[in-house]
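Reader: I am new to this structure and would like to go through some of its helices. Please show it first.

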Amino acid sequence: MKIEDITSLWDQDSKIDPTEIGSEALNISRLHSKYMNILSEERLRLRKLESDMKILRRDKYEMYAMGATKEHKDMGWEMPARGVILKQDIPIYMDSDREIVSMSLKIGMQQEKVEMLDSIIRSIMSRGYQLKTALDHLKFTMGA
């Protein structure tokens, strides 16, 4: 799920109808369940990306430390033009490697989604208090 999709869903679900406070209160558990399911899926995707990154970093390290194998070349990986890399220079090449940078960006985006969903769930958990406050305000304005 894209971050824009989550934002769009929450934009719709976050609206509270002031004329239907009772049904909005009953809707809290449904919203909580919906966003917990999405959060669970996105956390699993994050864990998968993180494990893929560990494997990618290991494979890239092996390539930079020991040279490109046939498998590396088949994947389109190539050693820098200067050939063998000194051990102390490997982190520089690893940090600037296109595949590693791309995977880092994917992990960053996934972390943003997880953080956004955490925030949405915290908001849903406080929704009961918001509804009670709105109900108290309605009672006050009606003179009760």
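Reader: What span should the 15 residues of helix α7 have, at 1.5 Å a residue?

Author: This is a predicted model, in which local features need pLDDT of at least 70, side-chain atom pairs count only at pLDDT 80 or more, and totals for chains, interfaces and linings use all residues. Residues are numbered from 1 along each chain as its sequence is written, and side-chain values use heavy atoms, without hydrogens and water. Helices are DSSP runs (H or I, at least four residues) numbered from the N terminus, and the expected span is 1.5 Å times one less than the number of residues. For α7, residues 127-141, the end C-alpha atoms lie 21 Å apart, which agrees with the expected 21 Å.

Reader: Are helices α1 and α6 roughly parallel or roughly antiparallel?

Author: Axes are lines fitted to C-alpha atoms over the stretch in contact, with angles from 0 to 180 degrees between N-to-C directions. The axes of α1 (residues 3-13) and α6 (residues 98-125) come within 10 Å and cross at roughly 15 degrees. Angles under 35 degrees count as roughly parallel and those over 145 as roughly antiparallel, so α1 and α6 are roughly parallel.

Reader: Is Glu-4 buried or exposed?

Author: Glu-4 sits in helix α1. Buried means under 20% relative accessible area, exposed over 50%, and partly exposed in between (1.4 Å probe, protein chains only). At 52% relative accessibility, Glu-4 is therefore exposed.

Reader: How far apart are the C-alpha atoms of Glu-4 and Trp-77?

Author: Along the chain, Glu-4 and Trp-77 are 73 residues apart. In space, their C-alpha atoms are separated by 33 Å.

Conventions. Helix = DSSP H or I, 4+ residues; strand = E, 2+ residues; numbered from the N terminus. Parallel < 35°, antiparallel > 145°, perpendicular 65-115°, else oblique.
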